[in-house]
Amino acid sequence: MGGMDHVIEARGLAKSFTGAEAVRGVDLTVAAGEIVGFLGPNGAGKTTTLRMLTTLLRPTAGAATVAGCDLVADPAGVRRRIGYVAQGGTTNPSCTVMRELVLQARLYRVPDPHERARDLMARFGLTDRPIGALSGGQKRRLDIALGIVHVPALVFLDEPTTGLDPQSRAEVWRHVRRLRDEHGTAVFLTTHYLEEADALCDRILIIDRGRVIGEGTPDDLKRRLSGDIVTVEIDGDPRRARAALADLDAVREVQVTGGTLRLTVEHGDRILLQLTRALDAGGVEPRSVRLARPTLDDVFLALTSSEVTRAA
Ligand SMILES: Nc1ncnc2c1ncn2[C@@H]1O[C@H](COP(=O)(O)OP(=O)(O)OP(=O)(O)O)[C@@H](O)[C@H]1O
């Protein structure tokens, strides 16, 4: 670990406010070009962690390297090298899109501010209008364009699609993916939408009560929870079906309800054929076989509510 392959490396990052430990020792790494989502219930410590990583809040303990600079020793270096898109943005409604982009480009000493502004407008599908006249989705796209005007290797997005309709949300996701795919930009984002984390993120960190309690790709997290669920409907004797499946290692659990078998399996996509062959061999004809994965909502609820039980 370490070196230029990681744009964030944090160890034991903590923040106490008088009377409250908001973040209690967070370790995290983000690789170059990675899209990482930070999820957690209200008050979990997401914003506090994000504010520490973007130098807006000084950690009480711990250390981090962000975009190659030491967070505590060189906050100005971190600020120059990262992009930060705050919740709700900070733009002036009477200013126009072009002017705002040019100003931001000048602020970051981008070589040709007008050229850069035009390029970003084309890329984010924006025309030059007063910012106050933009739709919610266009405004968010402008916020992101402003955050990356200086081509940072890492951009922080705080709840990038909160309040947007599904279509505008999908549009923002498409732009975030393009940032990564075309420019290798790493993205660290907070979100309350599990569907967003699932669709957009390479990796997810789940934080609760100031600690990271789960981490992995969306698929890893779902698999770790309970495996996949295969539902098999049969016409004949369910006992016969159960016996036919008894020798399959990948089947962890079988529940029978009438003519329906609900199997908990490892890697459902890989064993579907094996499963139907075993049924064939046992002389059982399935009427239907369906594969379903647990959703990220299931994972999130299981992790955060088990934490509550443990603490109680
Ligand atoms: N300036 C502050 N002074 C005192 N306590 C604070 C301060 N900022 C945050 N906290 C507390 O720290 C904890 C974590 O807050 P934080 O805003 O980081 O959570 P969050 O995960 O971002 O929540 P949300 O999803 O609601 O935005 C909360 O209990 C909050 O009340």
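Let's start at Thr90, which sits in the loop between strand S6, residues 82-85, and H3. Please keep in mind that this is a predicted model. Is Thr90 buried or exposed? Thr90 counts as exposed, because its relative accessibility is 72% and the exposed class begins over 50%. Now look across from there to Gln255. Along the sequence, Thr90 and Gln255 are 165 residues apart, and from C-alpha to C-alpha the distance in space is 54 Å.

With that distance in mind, let's zoom out. How is the protein divided? There is a domain 1, covering 3-222, and a domain 2, covering 228-292. Taken over C-alpha atoms, the centres of domain 1 and domain 2 are separated by 45 Å. If you drew a box along the principal axes around the C-alpha atoms, the box would be roughly 75 × 45 × 35 Å. Inside that box you'll find 11 helices and 14 strands.

A few overall values before we go back to residues. The protein has 312 residues, and 48% of them are buried. Its accessible surface comes to about 15000 Å², with 49% of that belonging to carbon and sulfur atoms. For the charges, there are 41 positive and 41 negative ones, and their mean positions lie 5 Å apart. And here is one about how the chain meets itself: take the contacts between residues at least 6 apart in sequence, and 69% of those join residues at least 24 apart.

Now to the inside. Which residues touch the most other members of the largest nonpolar core? That core has 42 residues, and the ones in question are Val97, Leu101, Phe124, Leu142, Leu157, Val176 and Ile204. Helix H3, residues 97-107, gives the most to this core, with 5 residues. So that's the helix on the far side of the loop where we began, since Thr90 lies between S6 and H3.

Let's stay with Phe124 for a moment. Not counting residues up to four places away in sequence, Phe124 touches Arg141, Ile144, Ala145, Ile148, His175 and Leu179. Apart from the largest core lies another one, of 29 residues, and Val23, Ala67, Ile82 and Ile207 are among them.

Ala67 deserves a stop of its own. You'll find Ala67 in the loop between strand S4, residues 61-66, and strand S5, residues 69-70. Ala67 is not a glycine, and yet its phi is positive, at about 50 degrees. Why does Ala67 count as buried? The relative accessible area of Ala67 is 17%, and buried means under 20%.

There's a second residue to put beside it: Val151. Val151 also has a positive phi of about 50 degrees although it is not a glycine. Its loop runs between helix H5, residues 136-147, and strand S7, residues 154-158. Val151 counts as exposed, though, because its relative accessibility is 54%.

Next, Met52, in helix H1, residues 46-53. Met52 is at 1% relative accessibility and therefore counts as buried. What is Met52 in contact with, once we leave aside its neighbours within four places in sequence? The partners are Leu13, Ala14, Lys15, Val23, Leu57, Pro59 and Leu71. You may recognise Val23 from the core of 29 residues. Met52 and Val72 are 20 residues apart in sequence, with 9.6 Å between their C-alpha atoms.

Over to domain 2, which spans 228-292. Ala241 has its place in helix H9, residues 238-245. With a relative accessibility of 0%, Ala241 counts as buried. Leaving aside neighbours within four places in sequence, the contacts of Ala241 are Ile234, Leu261, Leu279 and Val284. Ala241 and Ala105 are 136 residues apart along the chain, and 67 Å separates their C-alpha atoms.

Last stop, Arg109, which lies in the loop between H3 and helix H4, residues 113-123. Is Arg109 buried or exposed? Arg109 is exposed, because its relative accessible area is 75%. The C-alpha atoms of Arg109 and Leu291 are separated by 53 Å, and these two are 182 residues apart along the chain. And with Arg109 we are back beside H3, the helix that gives the most to the largest core. Thanks for listening, everyone!

Notes
Residues are numbered from 1 along each chain as its sequence is written. This is a predicted model: local features need pLDDT of at least 70, side-chain atom pairs count only at pLDDT 80 or more; totals for chains, interfaces and linings use all residues. Side-chain values use heavy atoms; hydrogens and water are left out. Domain bounds come from an automatic or database domain assignment. Helices (H or I, at least four residues) and strands (E, at least two) are DSSP runs, numbered from the N terminus. Buried means under 20% relative accessible area, exposed over 50%, partly exposed in between (1.4 Å probe, protein chains only). Contact means heavy atoms within 4.5 Å. Accessible areas come from the Shrake-Rupley method with a 1.4 Å probe; for residues, only the protein chains shown count as cover. Lys and Arg count as positive and Asp and Glu as negative; His and the chain ends are not counted. The place of a charge is taken as NZ of Lys, CZ of Arg, CG of Asp or CD of Glu. A nonpolar core is a set of buried Ala, Val, Leu, Ile, Met, Phe, Trp, Tyr and Cys residues joined through side-chain atoms within 4.5 Å.
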